[in-house]
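Here is a short guided tour of one chain, taken a region at a time. Keep the viewer open and follow along.

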Amino acid sequence: LLSGRETVGSSSMENNVSLKFRQQLFLISENLVTEDVAGLKFLCTDLLHLSKLERAQSAADIFKLLMAQEYLNAEDTFLLAELLYRIKCHSLLEKLGYTKEKVQEHLHEKGRVSLYRQMLYELSENITNEMLKEIIFLLQDHLPKRWITLSALDLLILLEKQGLLTKDNVQILEDVCMNVSPDLLETIDCYKQAKGLHALSNDIYHARTCEISLCLVKFLDLTDKLECFKEYFNLRGEKFSNIERCVVGKMGIIPLKLFTHQCMCLSSSKRQNILHLSKLCILEMAHMTTYKMDGPHRGFCLIINNVNFNGSQRKGSCKDAEQLERVFTWLGLDVRTYTDLTSGDIINLMQTWQQVQDHKDRNCFICCILSHGESGAIYGTDEKLVPIRMLTSHFTAKQCPQLAAKPKLFFIQACQGNNIQHPVCVDTDGQTPDLSSTQERVSVFESIPEEADFLLGMATVDGYVSFRHIEEGTWYIQALCSKLQLLVPRGEDILSILTRVNEDVARRVSPSGTKKQMPQPAYTLRRKFIFPIPMAPPPS
């Protein structure tokens, strides 16, 4: 009898666990949209039978298939956690008892999604609708005549079905990406390196070390052909045997060494082919290291300058706005300044610029906001808060495909806390609301989208005030403008410049000698961001 009771109790407990687990899966499924389901199906392609997977209509259907194959159960939910992590649904991880960091920690030992599948999915995320149309045009001879492409994932699946794309042969992707957007090659190259493959050709190969990229160029005949090569890269007068410089400075090419290798005679036509391949190789290496900044238009720079609030003014802010306008105009950006915007005005402005088609022909996007603020948010002149993440999220690859894979820089001059202090001749950039000091704080890292290519430069760390001189402007913006003018001509990248800004601001003290400030950058940049050196001298 006792044994029977134990059996019944055990069965009841198992049913409760199973019910709770299925409730968790149901809640997760309800929070996944159509695009998320498509991503899950694609990432599971190597794990589940394709015909069954294609019939799945919802996330719950996919979960059933995973459970049937014993990939997923109440005791082991890591695969589902990995899938949610891969499709960037990080907020749903907590329903499984995971965090983004915990998943990352165990991916190496427990991850099931192959490098190949990861690469294809990441590639699809960076392919905009315009790019997809161009790729389809290039591949039209390989596609069924009446086939309708719904997404980049659909196209990749079709290429796999036709045998044109495999984990050991991604040449067709390399060919189309080179034509449509060479930036996409970085994802493919990282996959090949991770697999232990090397991009080799009969004439050129390159090897990348942790600090220096080497381009070993196989062109042959050290006399006239060397001179021809130098001329091709506009390097007349340089010592070619050991060049350690930016090969094409105006284009922001990475520092590298070029070596001549196996010199022998070649025909003129072969030599030209090699020169062309060499240039492509070097340019590709440059693209993988620095963001492309050689377009005819640098990009737009928005400056939101909130000065007048109810009964108060942010004195000195106009000095900041004027200096930002001068510096970013000098750096080649098309600057637009907006003054005294309410919270609604700010959101509407972001929505307007999100839709601007001219971003397509620009290299980057910059937005500077000068206002009062609280943790993770800035004030409109109507004294209503706007979350910084809401502002930045308008410019993700999906929301603003014209800026996909391009750097988006946001500089926020505003307090991030409620510790208000009033030194003589120095104001704080915090509003004086009657909010509790226990207000929930938002980390600066939560204010930028989880996807790549964003930088958020905050005037101060979370929870603290930032300082503004009523005549000379804010410590942070004045230091930023000063360091940009000093270090851009030296070829420094933006993160190195912001480190110097931190150093500058940290040395400053209020007139009372008791108040200091420390800026904080957060970023998901994948490459170095280097402004091309302007021809004109700095504005001040």
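Two strands count as paired if DSSP finds at least two bridges between them. With that in hand, look at Ile-304, which stands opposite Ile-369 of strand 9.

## The chain as a whole

Please bear in mind that this is a predicted model. The chain holds 18 helices and 18 strands. Of its 540 residues, 47% are buried. If you take the contacts between residues at least 6 apart in sequence, 73% of them join residues at least 24 apart.

## The six-strand sheet

A good place to begin is the open sheet of 6 strands, whose order is 8-5-9-13-15-18 and whose pairing is mixed. Strand 8 (334–339) and strand 18 (520–523) are at the edges; each has a single partner strand, so one side of each has no neighbour in the sheet. From one strand to the next, the twist averages 10°.

Strand 9 deserves a careful look. How many of the residues of strand 9 are buried? The count is 9 of 9, so to speak a mostly covered strand. Strand 5 pairs with strand 9 in the parallel sense, over 8 bridges. Strand 9 (residues 362–370) also pairs with strand 13 (residues 408–413), again in the parallel sense, here over 6 bridges. Two positions let you follow the pairing with strand 13: Phe-365 stands opposite Lys-408, and Leu-370 stands opposite Gln-413.

## Helices on the sheet

Which strands does helix 15 touch? Helix 15 (residues 343–354) packs on the sheet and touches strand 5 (297–305), strand 8 and strand 9. The direction of helix 15 makes about 170° with that of strand 5.

Helix 17 also meets strands of this sheet: it lies across strand 9, strand 13 and strand 15 (454–458). Helix 17 runs at about 140° to strand 13.

## Helix 14 against helix 17

Two packed helices are described by the angle between their axes and the distance between the axes. For helix 14 (residues 317–330) and helix 17 (residues 475–487), the angle is about 20° and the axes are 10 Å apart. Angles under 35 degrees count as roughly parallel, and helix 14 and helix 17 are therefore roughly parallel to each other. The crossing of helix 14 past helix 17 is left-handed.

You can pick out the residues that make this contact. Helix 14 contributes Lys-319, Asp-320, Gln-323, Leu-324, Val-327, Phe-328 and Trp-330. From helix 17 come Ile-477, Gln-478, Leu-480, Cys-481, Leu-484 and Gln-485. Sorted by class, the contact has 8 nonpolar, 3 polar and 2 charged residues.

While you are at helix 14, find Thr-329, which also belongs to this helix. Thr-329 has a relative accessibility of 44% and counts as partly exposed. The C-alpha atom of Thr-329 is separated by 9.3 Å from that of Pro-539, although the two residues are 210 apart along the chain.

## The three-strand sheet

Another open sheet has 3 strands in the order 10-11-12, with antiparallel pairing. Its edges are strand 10 (373–374) and strand 12 (385–387); each has a single partner strand, so one side of each is left without a neighbour in the sheet.

Strand 10 and strand 11 (residues 377–379) run antiparallel and are joined by 2 bridges. To locate the pairing, go to Gly-373, whose bridge partner in strand 11 is Ile-378.

## Two residues with positive phi

Finally, two loop residues are worth a visit. Glu-70 is not a glycine, yet its phi is positive, near 60°. Glu-70 sits in the loop between helix 4 (59–68) and helix 5 (78–86). Is Glu-70 buried or exposed? With a relative accessible area of 67%, Glu-70 is exposed.

Asp-453 is not a glycine either, and it has a positive phi of about 80°. Where is Asp-453 placed? Asp-453 lies in the loop between strand 14 (426–428) and strand 15. Buried means under 20% relative accessible area, and Asp-453, at 3% relative accessibility, counts as buried.

Key: Residues are numbered from 1 along each chain as its sequence is written. This is a predicted model: local features need pLDDT of at least 70, side-chain atom pairs count only at pLDDT 80 or more; totals for chains, interfaces and linings use all residues. Side-chain values use heavy atoms; hydrogens and water are left out. Axes are lines fitted to C-alpha atoms, for helices over the stretch in contact, and angles run from 0 to 180 degrees between N-to-C directions. Helices (H or I, at least four residues) and strands (E, at least two) are DSSP runs, numbered from the N terminus. Angles under 35 degrees count as roughly parallel, over 145 as roughly antiparallel, 65 to 115 as roughly perpendicular and the rest as oblique. A crossing is left-handed if the near helix is turned anticlockwise from the far one by less than a right angle, and right-handed if clockwise. Contact means heavy atoms within 4.5 Å. Ala, Val, Leu, Ile, Met, Phe, Trp, Tyr, Cys and Pro count as nonpolar, Asp, Glu, Lys and Arg as charged, and the others, Gly among them, as polar. Buried means under 20% relative accessible area, exposed over 50%, partly exposed in between (1.4 Å probe, protein chains only).
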